[in-house]
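Q: I'd like a close look at a single part of this protein: the largest cavity and its surroundings. Please walk me through it step by step.

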Amino acid sequence: MTQVTGYIGRSVKRKEDARLLRGEGRYLDDLNHLKPKQVAFWRSPYAHARIKAVRTAEARELPGVIAVFTGEDFAPVKPLVTEIQLEGYVAKPQDPVARDKASHAGEIVAVVVAEDRYIAEDALELIEVDFEPLPAVVDVDAALAEGSSLVHTEVPGNIYYRGRRVFGEVEAAFAKAELVFRETFRTSRIAGTPLEARGCLAEYDPYQDVLTVWSSTQIPSILHLKLAEIFGMHENGIRIIAPDMGGGFGIKAQIYPEEIIIPFLARALRLPVKWVQDRREDLLTGVHARDHRYELEAAVTREGVLTALRLRMLTDAGAFSSFPFGCTLEATGGARMILGPYKIRNYEYDTIAVATNKAPAGAYRGVAQPSCFFAIEGLMDIIAGKLGLDPAEIRRRNMLSSAELPYTNPIGIHFDSGSYGESLEKALQSARYAEVRGEQSRIPADAGRQIGIGLACYTEISGISSKGYQSRGVADVPGYDSVRMRMDPSGTVAIYTTLTSQGQGHWTTFAQIAATELGIEPDQVRVVDGDTGLAPLGTGTFASRASITGGGAVFRAAREIKRILLRVAGGMLDDLPPEELELGEGFVRARGRKLKVTLREAARKAYEIRSGGSETREIPGLEVIAYYDPPPSNWSNAVHLAVVELNLVTGFPRFLDYVVVSDCGNLINPMIVDGQIQGGAAQGIGEALLEALEYDPGGQLLTASWGDYLIPTALDVPEMKIEHITTPCPSTEGGVKGMGEGGAIGALPAVVNAVNDALRRSRCWTGVPITRAPVKPEDILRRVGAVGAEGGDGR
């Protein structure tokens with residue numbers, strides 16, 4: 001259990017919720033105070049085609065149209081270039097509006113600005129574009145085939161990145177291996193699909209040369225710096241504001257062409273302009289994710305101990321390397337994270353990010369961790385089945401124990417704390433594992449239903465620092481975050497943070513930290529996020545980092561204000577030194593004495609330049625800026641255990657139980673942590689059973705609406721038992737670890753493993769496990785011989 005200290009460790013009600021429940025949230029589309037002109041985009045219908053001519057005259061003449069722009073109008077604008085400082089990476093500049101060639105369906109070819117969106121959409125129908133269609137490359141095998149059409153001539157062989165590393169004595173381990181197992185695991189291409197799609201609003205003040213941009217972005221500071229670079233403006237002439245956001249999940253942590261185009265239009269036209277994405281645009285052009293292939297080879301002893309692992313990993317990067325993380329994010333992420341909590345000392349990987357004529361891939365909740373643990377956890381179950389071991393037992397035989405910590409794995413990843421074995425045992429106990437196994441054994445092998453249990457044990461990287469991003473070659477992500485904190489003379493506190501909130505509860509958790517450190521109530525703390533005009537520069541909200549980097553900055557700022565307060569109060573209390581004073585319940589008290597002053601009195605005194613006594617200060621006020629760059633990486637761990645009943649007649653699974661045991665260090669707000677786990681697991685269940693972006697051979701997206709791209713509803717997500725083990729991180733402020741992505745990481749492997757476990761118990765099982773997600777009913781029925789032969793797609 002997390003030790004409750006002040007307000008840290010308490011399930012304080014979220015400060016954000018009251019106004020949101022009253023419908024008082026202000027999302028991007030609610031921002032109409034500037035009466036902006038509306039923007040619509042003419043997008044390429046081809047996945048790959050040369051642009052021969054763009055005719056816009058008729059569109060320009062439509063009443064209500066203000067301007068029409070093509071790629072040539074954007075020629076002076078610097079292209080977006082994702083710089084990744086890794087050997088084997090190729091950078092390809094991306095123009096905000098295509099000029100010579102369209103490289104994926106949905107790429108912007110022309111832009112209309114009009115009095116309203118209806119007129120803008122009508123004008124799109126009047127634009128004519130002459131294309132010369134080119135061969136489209138829509139999967140990694142075709143892209144890598146000899147003689148394949150190139151997505152870009154600047155990307156030889158359609159390979160954006162290739163990285164190969166060997167750790168330990170891999171060849172020797174395989175030469176001595178008692179057993180060798182080989183298997184391939186695939187995940188489908190998926191989309192983040194937040195409830196609120198993306199949008200952007202911009203206003204330019206030519207008199208002050210100030211550009212203000214409202215964007216549904218998770219990275220306002222990074223967008224701020226990039227726009228200054230692209231437009232050649234001073235950084236202090238740009239302000240980025242991220243309003244309320246209806247979900248982000250990482251897909252809003254990229255910089256998109258629209259976020260360059262809209263500010264460009266505002267400057268060019270001297271008018272406020274706005275664009276709000278529709279759902280088709282979201283699915284067609286928002287960054288995609290996963291679409292990974294893991295070809296695994298494991299050297300194993302007869303006792304089930306993995307002595308070596310080889311990986312060949314292929315990722316579909318799409319047409320461009322998305323900014324700022326690049327296509328290496330997933331290619332290196334899956335290759336680096338796959339060892340997880342296991343003691344595999346010999347490891348080799350060959351990972352390739354492949355260019356195709358699809359929308360670019362980028363960060364989405366968990367990045368490559370759901371797919372890499374889908375692969376290694378699936379392999380664990382396959383090995384266990386072949387050796388006659390229980391799936392829990394093979395994990396015990398390969399897992400790090402607490403006694404072996406701290407531990408550095410062969411890649412160089414350092415684990416300073418964790419509870420891998422303890423979390424597994426707690427999950428087994430909570431799920432009544434032995435009893436459910438007994439229930440399984442009593443179901444006849446020829447029954448029309450079977451019960452399956454799926455396990456997933458994983459580690460989760462969180463709070464990556466500047467050194468962490470540098471080691472992965474990411475040039476445009478600072479890694480640190482910061483806050484500006486001010487205590488007013490009344491004793492109330494305002495926090496301006498570089499983080500943005502998309503539902504994580506930062507207003508609440510950051511207030512809990514500040515209130516605990518300063519001895520006040522959370523209601524006396526106001527948090528303002530996502531505004532580069534008010535906060536210092538930093539990194540943003542993604543990759544399970546807010547509680548570590550943002551929370552760490554809040555800890556540090558609050559402690560500095562506390563130091564000043566105690567010094568001032570000491571001068572008011574017989575010149576007592578700060579070490580003899582304490583803050584609490586709105587007072588500064590002398591330890592062991594009855595002397596005290598109210599915090600408000602001390603705060604007011606701090607704003608006086610000449611106050612007499614030892615509290616005299618040359619600079620008045622209680623305002624500080626604090627930065628926090630955490631250790632290179634911090635690791636949570638967890639176990640998911642899914643129990644499903646599989647209907648072998650219909651091919652549909654039904655959840656009977658779902659258990660999560662999580663260790664994310666000290667919990668600031670347990671209720672918010674549990675909510676994050678539940679939401680992430682819901683997305684992981686969707687990835688396991690429902691979600692897939694499908695393209696035809698010509699590169700046309702076939703799943704461009706929620707009618708075709710299926711996401712889970714409340715009926716698809718089970719009730720979850722969530723338990724916690726607490727091993728505080730020794731190297732972060734407050735002992736916290738990140739956990740925002742963990743639910744999504746563990747659900748995919750746990751659910752698919754549960755389905756496979758049920759299939760293995762059927763007399764009709766073909767002996768072929770499901771190694772591709774999502775698992776569809778027809779995949780299940782094929783495995784019991786109910787439909788056709790093995791599917792041609794490798795399922």
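A: Happy to! First, a word on domains: their bounds come from an automatic or database domain assignment. Keep in mind, too, that this is a predicted model.

The assignment gives domain 1 (17-23 + 480-628), domain 2 (31-134 + 195-247 + 252-285) and domain 3 (288-465 + 631-782). The cavity concerns domains 2 and 3, whose C-alpha centres lie 36 Å apart. Across their boundary, 29 residues of domain 2 are in contact with 28 residues of domain 3.

Now to the space itself. The structure holds seven cavities of 30 Å³ or more, and the largest encloses about 210 Å³. Its lining takes at least three residues from each of domain 2 and domain 3. In total 21 residues line this cavity, and those nearest its centre are Gln94, Tyr256, Pro257, Thr285 and Pro360. By chemical class, the lining is made up of 10 nonpolar, six polar and five charged residues.

Thr285 offers a good way to step from the cavity into the surrounding protein, as this residue is among those nearest the centre and is also touched by Arg43. Arg43 belongs to strand E1, which spans residues 37-43. Its relative accessibility is 12%, so Arg43 counts as buried, the cut-off being under 20%. The Arg43 side chain has two polar partners to look at: the backbone oxygen of Gly106, reached at 3.0 Å, and the side chain of Glu281, in a polar contact of 3.0 Å. Beyond its neighbours up to four places away in sequence, Arg43 also touches Glu107, Ile108, Glu258 and Trp275, among others.

For another buried polar side chain, turn to Gln218, in the loop between strand E11 (210-215) and helix H6 (220-231). With a relative accessible area of 2%, Gln218 is under the 20% cut-off and therefore buried. A polar atom of the Gln218 side chain lies 3.0 Å from the backbone nitrogen of Gly250. Setting aside neighbours within four places in sequence, the contacts of Gln218 include Gly248, Phe249, Gly250 and Ile251. Thr500, Gln502, Gly540, Thr541 and Phe542 are also among the residues that Gln218 contacts, and the numbers 480-628 belong to domain 1.

To put the part you asked about back together: the largest cavity has a lining shared by domain 2 and domain 3, and Arg43, which is buried, touches Thr285, one of the residues nearest the cavity's centre.

Conventions: Residues numbered from 1 in each chain as written. Predicted model: local features only at pLDDT ≥ 70, side-chain atom pairs only at ≥ 80, totals over all residues. Heavy atoms only, no water. 1 Å grid on protein atoms, 1.4 Å probe; cavity = no way out; pocket = protein on both sides within 12 Å on 5 of 7 lines; lining within 4 Å. Points joined across faces, edges and corners; volume = space filled by probe spheres on them. Nonpolar A, V, L, I, M, F, W, Y, C, P; charged D, E, K, R; others polar. Helix = DSSP H or I, 4+ residues; strand = E, 2+ residues; numbered from the N terminus. Buried < 20%, exposed > 50% of the residue type's maximum accessible area, 1.4 Å probe, protein only. Polar contact = N/O pair within 3.5 Å; in protein donor to acceptor, adjacent residues only side chain to side chain. Contact = heavy atoms within 4.5 Å.
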